[in-house]
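Student: I've got a model open and would like to learn how to read it. Can we start with domains and then look at a whole chain?

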Amino acid sequence: MNTTLLEPREETGRNYLNADYSIRSWLLTTDHKRIAILYLVAITFLFFVGGAFAGLMRLNLLTPQGALVSAETYNKLFTMHGLIMIFFFLIPSIPAVLGNFLVPMMIGARDVAFPRLNLLSWYLFITGSLLAMVSALSGGVDTGWTFYTPYSTTYSNSYVVTMAAGVFITGFSSILTGMNFIVTIHTMRAPGLTWFRLPLFLWSLYATSAIFILGTPVIAISLLLLGLERIFGVGIFNPKLGGDPLLFQHLFWFYSHPAVYVMILPGMGVISEVVPCFARKRIFGYNFVAFSSVAIALIGFLVWGHHMFVSGQSIYAGMVFSFLSFLVAVPSAIKAFNWTATLYKGAITYHTPMLYALGFLGLFTIGGLTGLFLATLAVDVHVHDTYFVIAHFHYIMVGGAVMAFLGGIHFWWPKISGRLYPEAWARLSAVVIFLGFNLTFFPQFILGYLGMPRRYHSYPPEFQVLHVMSTAGSSILGVGYLIPLVYLLWSLRYGQAAGPNPWGAKGLEWQTPSPPPTENFERTPVVTEEAYAYTGEELSAGL
Amino acid sequence: MQSGLPLFPERASTIGASVDQLYFFLLAVAGVFATLIFASVFYLAIRYRRRPANLRAEQIPGSLVLELTWSLVPLGLMMVMFFWGASLYFRQARPPDGAAEIYVVGKQWMWKLQHPEGPREINELHVPLGRPIRLIMASEDVIHSFYIPAFRIKQDVVPGRFTSEWFQATKPGRYHLFCAQYCGTNHAQMNGWVYVMQPADYENWLSGGAPGESMPAAGERLFQRLGCSTCHRPDGAGRGPSLEGVFGKPVLLQGGAKVLADEAYIRESILNPDAKIVAGYQAIMPTFQGQISEEGLLQIIAYIKSLKRGTQP
Amino acid sequence: MPVSESELALAHQFVDLDQQHDAATLGMWVFLVTEIMFFGGLFAGYAVYRSIYPAAFGQGSRLCDVTLGSLNTAVLISSSLTMALAVRAAQLGRRARLIAFLAATVLLGSLFLGIKFLEYSHKFHEHLVPGAAFEYSGPNSQQVQLFLCFYFGMTGLHAVHMVIGVGVLLVMIVLAWRGYITPLRYNPVEVAGLYWHFVDIVWIFLFPLLYLVDLHR
């Protein structure tokens, strides 16, 4: 790559990790790379909390009577599993960890535009998560993560306001991250780095940031109104006092639908980085992949009513939302085809990030195709609020987003930590995760069409075999997630030292030492070629 | 442990056949595309793996033809899905004329079903085979959802309004009834059974058992007790309009607007009378919010429906 | 070697002052978009309920003091003028003038908040605050209470933003006093001005929607 190479500081060995070992230097850091690590630690912890709740749910569902926990406890488990996984794990995951680490590096900058706001966003995230934990430890919330009124405002006896406050505050963390990314990408690109030379990871983060900016404030106001109603007993959403419960649903889903695109777009960005690297090829259809990210973000704001087809909303509104929901599927399909085409005539290696990317391709495809069933009005009437929906979104969020997150963590691990992870163990866990995931969630499609409703602590006996299969899968999946935790931590001390670019990848971040120095680049690089400018001559990854 | 692995639900309604047809179409399309992607990825990942014979990748920037093809073909298929689904949805929203009505009230955590002829059921619904049935539903507290998987129908039951759905059963038997909108602690217990009976058996069932008051009769009783009859006299000479034959017809309001006198209109007129004033009358009707239950509202509506010209005492 | 003023003004992540200026300004605009969406949710709820309960919203609106509301509108518009003049003074390096105009803006903003407090206390004494103590003897009392929920919610959220704005301006005054604001680095004041103008514009929308519905019925 024709960039001004910086002199790697191998001799001094000074990097962002060892620049200062004190706790104070970590807790008051404004270095985007350290903030990314802070986020990584926090969300990893929260992921396992949310996962533990899911494990308990699946164990309870081994028997039709649901004998493991009481109905009340079960209702709290699924509520908090959803809240933690969505707001405190998936939404921040790739943007706040990989995004924070990589955005400045990928554009040749020394940091993001507003480093202190970046640190503030982490503290807001921690505050929100603590409030969520307080709510959980005090007794939890049992409204479902969707907080539908009037149950959540008037009938639930759980710690709704504390939890809502936690989510509200964490929302501001997203807003600050989005602000930082938009301004950084707009104003701080290195000379020669035009929009259409940007890595696709940045296109997807830009689109994600637009959603953060436009959507998050609406859930903030929804939760604020919810809290006011609950505390002061007014009737904004309470029909007995003249209010409309459906207004809450509209306000809630106006954010929460785009939120799912927040959860998948960054993952798609990771795949767009990994596939070209391990196929040794520039991506097929760069412009189309870039524009599809923007299209998904924009159209994604227009489809929220597809969560409300049987809510009592007008059937004509339903038709409009259904039509638009089909439209939003097209750009995702375009991406899937482009990634597949990138494999054609490549020179492919099966390093762990590529295994995760290939798994993503298959599982995201299934998840996306089943979304079409839900966009189809008459079919959604039957499967709405059943396990079919649960299976659909887990295919996208777990089979898609979590696998992309893990793929990205493995891909950039050498850059972040300066170490290589053990490839054999990593490949094994990728396979275990893939198999465990499918066994957990594929039976749920069948359960859903059979009529098994969601949020049920107990169920009719004929559904038991499918539930047992699903629970068996979930134990395998749980093991699959624990293995990387172990070996990644192990690699920090015992892993082989990684050079600046173990994969032979294109991208400015690979032009720095591993781990990089605090200021990233000695001199601002100048970019003269397009993204993924593989020529086919490069050594294969891992050599 | 229950043996047997059910893979596909029973089907017992007219609309169910159409829904399943559309579902199979979606399955076919999804199956084809999933297979296409899986097979391509599998094949390409192996065929083009890096090995001594294949050390160098060929750089291919893209192909506009391919992009357009794989955008427009899926879009076309999706438009088929959309139109098919939307037209079926439209059918699902419109009960045939002459559908029999049954009233449903959901509350934490049970379903109360009321046949207009009188019989009441809790968590069970007996219906005749081959006749269209329209359910008119209300909630006493939070949002519930009335779901009969075998009929492929579902509709949320929302407090503060009426919602409805319809079906026509095609197979005698017993089918699950589930609440499908999370409503609190015993949401999973809020289910029951729908019994589809031969028409003759259904008539026997209706007339057997303890004689219950028919809904119009119960409604009439309530109408008198709450004092509605004082103002709403059949001759229209009272302070309120006559209700004879009003149901299902347009009503002229103050200010010139017209509204259809359906269940929602009657309900609103009782709970929020100032919202729509009939032309030529004063806004003096008091609200009955808090004085009448959801069931009471349904009974009065049933009574008003039963009023034809010259029948109101 | 003495450090130049422009080097002092430049934060480490930026390449030059122009980039820093552009970034800060764009950042504030992006933030204001989030604020539009935040208030937007309340406006959407207001629109829904006003279309369902037009009469009650008229009744509720007539409970709001148009005189005080108009006075507040004039106060806030004036404060936007003094704010704009403060930004100009900062660009020109006129420190005394800058501090004077910032102080005037703070005073006007505080006057606004004082008048608001007066309105709120009137409502409190008339039992018109939604909640357990709400009392209203006219018709449609439930929907009038709903209107007042929006009144307090929207003006309350606005007032919170005003308080934050006043705080930011006080910080600007301190910075100006210490000589931190110069023609090469006046961006903080400019960005604070953007925020202040936005809060003003929100009020321009709130005033007619809350105070002027069915005024002459």
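Tutor: Sure. Keep in mind that this is a predicted model. Start with domain spacing: taken over C-alpha atoms, the centres of domain 1 of chain B and domain 2 of chain B are 29 Å apart.

Student: Which residues does the domain assignment of chain B give to each domain?

Tutor: Domain 1 of chain B comes in two pieces, 10–38 + 72–212, while domain 2 covers 215–306.

Student: And how many residues does the contact take from each domain of chain B?

Tutor: Count the two sides separately: 10 residues come from domain 1 of chain B and 11 residues from domain 2 of chain B.

Student: Which strands of chain B each supply at least two residues of the domain 1 side?

Tutor: Look at strand E1 (100–107), strand E2 (110–114) and strand E5 (132–139) of chain B. By class, the side of domain 1 of chain B that touches domain 2 of chain B is made of 6 nonpolar, 1 polar and 3 charged residues.

Student: Now chain C. How many helices and strands does chain C have?

Tutor: Chain C has 7 helices and 0 strands, so reading from the N terminus you get α-α-α-α-α-α-α.

Student: What box do the C-alpha atoms of chain C fill?

Tutor: Along the principal axes, that box is roughly 80 × 30 × 30 Å. For burial, 38% of the 217 residues in chain C count as buried.

Student: And what about contacts along the sequence of chain C?

Tutor: Take the contacts in chain C between residues at least 6 apart in sequence: 76% of them join residues at least 24 apart.

Notes:
Residues are numbered from 1 along each chain as its sequence is written. Chains are lettered from A and ligands numbered from 1 in the order in which they are written. This is a predicted model: local features need pLDDT of at least 70, side-chain atom pairs count only at pLDDT 80 or more; totals for chains, interfaces and linings use all residues. Helices (H or I, at least four residues) and strands (E, at least two) are DSSP runs, numbered from the N terminus. A residue is buried if 20 or more other C-beta atoms lie within 10 Å of its own, exposed if 12 or fewer, and partly exposed in between; C-beta atoms are placed from the backbone. Two residues are in contact if their C-beta atoms, placed from the backbone, lie within 7 Å. Domain bounds come from an automatic or database domain assignment. Ala, Val, Leu, Ile, Met, Phe, Trp, Tyr, Cys and Pro count as nonpolar, Asp, Glu, Lys and Arg as charged, and the others, Gly among them, as polar.
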